[in-house]
Structures are given as C-alpha cells and as structure tokens.
Amino acid sequence: MLFRQLMDRESCTYTYVLADEDTRDAVIIDPVLDMVDRDVALLREWGLTLTYAINTHVHADHITGTGLLKKILPEVKSILGAVGNTESIADVKVTEDDTISFGKHRLRPLSTPGHTAGCHSFVLDDGAFVFTGDTVLIRGCGRTDFQEGSPETLYNSVHKKIFSLPDSCVIYPAHDYRGRMSSTVAEEKTHNPRLTKT
C-alpha cells in the first residue's frame with residue numbers, strides 16, 4: 001500500500017493519502033482547503049486515481065478541501081459518517097456495516113461521537129491503522145464543550161471502539177500541535193492522561 005501523511009502547518013491538521021499499489025486507486029482523509037493544490041500534485045506525481053475524499057468530522061477548526069477536490073477531480077465522491085451528520089452534505093454517508101474499498105484495501109467506519117456528534121474513525125484492513133480524527137489525539141482527545149460534544153460519549157466511544165482494536169494498531173489523528181505524527185492503541189491506553197481516567 002502507498003501511504004503518505006501530510007500536514008497543514010497553519011491548522012496543524014494532518015491529511016492522509018492511501019492508495020493501492022497495483023490499481024492506483026486512492027482515498028484521501030481530511031483534506032484541507034488551503035492544501036488542495038499540494039494534494040492534487042502528489043496524486044498526479046504518483047499516478048493515482050482519487051476515488052473518495054473522506055472527512056472524519058465536520059468542524060470549524062479547518063475548512064475541508066473536499067469541495068475543491070471534487071471540482072478539480074469530478075470523479076471523486078465525498079464521504080461522511082451517517083451518524084450525527086444529518087445536516088451535512090456528502091455523496092456517500094457510511095455506517096459501521098459499510099466498507100470503503102480502494103483496490104484490495106478496505107477502510108471500515110466506526111461511529112466515535114463525543115467531540116462532535118458526527119465524528120467517525122476509519123480502520124484500515126485488519127486493524128493495522130486507525131484514523132481517529134479528533135476523537136483520539138496523541139496523549140489527548142478532542143474538546144467536548146461545543147457542537148454537541150459530550151465527555152461521557154467520547155469516553156465510551158474511545159473505550160468501546162478505539163481501545164478494542166489490537167494494541168499494535170497505529171493511531172493517526174487529525175491534528176497534533178507538538179509535532180508528533182502517530183501513536184498506538186497500547187500507548188494511548190497506557191499514557192493518555194485524559195483517556196486513562198475512570
């Protein structure tokens with residue numbers, strides 16, 4: 001699998017490009033409006049066909065680049081999780097029964113509300129990676145004091161969904177403000193100061 005983690009320094013937002021090496025089908029997770037030119041250039045350099053633009057959540061901390069990507073690459077379909085996103089527009093709204101395919105690879109959606117009601121995480125293939133949006137950050141989590149946030153809901157989402165993944169599963173968050181790029185389920189179970197409390 002081809003994989004690239006990209007960062008918008010302005011908002012400290014990570015964008016992820018994943019692609020099948022054989023078919024060259026690709027997905028992008030959490031594209032940022034101001035970085036669309038960078039993302040399109042990378043896709044073209046690698047000879048990839050972007051099939052889906054996935055957003056882990058809809059939020060004011062960065063403006064999604066999905067709309068602009070769809071103008072430049074009209075074949076792209078936008079994806080949001082179905083739960084909690086009734087007012088948001090997407091070509092496809094996925095549930096936990098769905099899979100997002102690109103070549104031989106699959107992403108499985110997990111509804112992980114708490115930061116916002118519509119937050120979703122996306123697990124790759126056999127649980128090797130999980131893209132957690134703002135649900136789990138490295139040694140932290142998304143704030144819960146606005147946009148239908150709930151500390152109890154977030155705690156349950158993390159413990160029932162994210163922390164039930166294999167300990168070796170690599171966590172890729174939507175943001176990091178200290179330059180950290182990834183973590184693991186085992187690390188966050190042990191060292192996350194917010195999510196290890198009762």
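Contact here means heavy atoms within 4.5 Å. With that in hand, here's a quick tour of this predicted model: one buried aspartate, two nonpolar cores and two pockets. Asp20 has a relative accessible area of just 1%, and leaving aside neighbours within four places in sequence, Asp20 is in contact with Asp25, Phe102, Gly103, Lys104 and His105.

**Asp20 and its surroundings**

- You'll find Asp20 in the loop that runs between strand S2 (13-19) and strand S3 (25-29).
- Asp20 counts as buried because its relative accessible area is 1%, and the cut-off for buried is under 20%.
- A polar atom of the Asp20 side chain sits 2.9 Å from the backbone nitrogen of Lys104.
- Lys104 also turns up in the contact list of Asp20, alongside Asp25, Phe102, Gly103 and His105, once residues within four places in sequence are set aside.

**The nonpolar cores**

- As background, nonpolar side chains in soluble globular proteins tend to be buried together.
- In this model, the largest nonpolar core is made of 17 residues, and Leu18, Ile54, Ile100, Leu107 and Phe131 have the most contacts inside it.
- At least two residues of this core come from each of S2, S3, strand S7 (100-102), strand S9 (120-124), strand S10 (129-133) and strand S11 (170-173).
- S2 makes the largest contribution to this core, with three residues.
- Take Leu107: not counting residues up to four places away in sequence, Leu107 touches Val27, Ile29, Ile54, Asp98, Thr99, Ile100, Phe102, Phe122, Val123, Leu124 and Phe131.
- There's also a second, separate core of 16 residues, and Leu6, Ala26, Leu42 and Val76 are among them.

**The largest pocket**

- This pocket holds about 310 Å³ of space.
- Its lining has 18 residues, with Leu137, Cys141, Gly142, Tyr177 and Arg194 nearest the centre.
- Sorted by class, the lining of the largest pocket comes out as eight charged, five polar and five nonpolar residues.

**The second largest pocket**

- Here the volume is about 250 Å³.
- The second largest pocket is lined by 17 residues, and Asn55, Val58, Thr64, Thr66 and Ile89 are the closest to its centre.
- Helix H2 (66-72) and strand S5 (77-81) are the elements that give two or more residues to this lining.
- The class split for the second largest pocket is nine polar, six nonpolar and two charged residues.

Methods. Residues are numbered from 1 along each chain as its sequence is written. This is a predicted model: local features need pLDDT of at least 70, side-chain atom pairs count only at pLDDT 80 or more; totals for chains, interfaces and linings use all residues. Side-chain values use heavy atoms; hydrogens and water are left out. On a 1 Å grid over the protein atoms alone, a cavity is a set of points where a 1.4 Å probe fits but cannot get out, and a pocket is an open set with protein on both sides within 12 Å along at least five of seven lines; lining residues have an atom within 4 Å of a point. Grid points are joined across faces, edges and corners, and a volume is the space filled by probe spheres set on the points. Ala, Val, Leu, Ile, Met, Phe, Trp, Tyr, Cys and Pro count as nonpolar, Asp, Glu, Lys and Arg as charged, and the others, Gly among them, as polar. Helices (H or I, at least four residues) and strands (E, at least two) are DSSP runs, numbered from the N terminus. Buried means under 20% relative accessible area, exposed over 50%, partly exposed in between (1.4 Å probe, protein chains only). A polar contact is a pair of N or O atoms within 3.5 Å; within protein, one must be able to donate a hydrogen and the other to accept it, and residues adjacent in sequence count only if both atoms are side-chain atoms. A nonpolar core is a set of buried Ala, Val, Leu, Ile, Met, Phe, Trp, Tyr and Cys residues joined through side-chain atoms within 4.5 Å.
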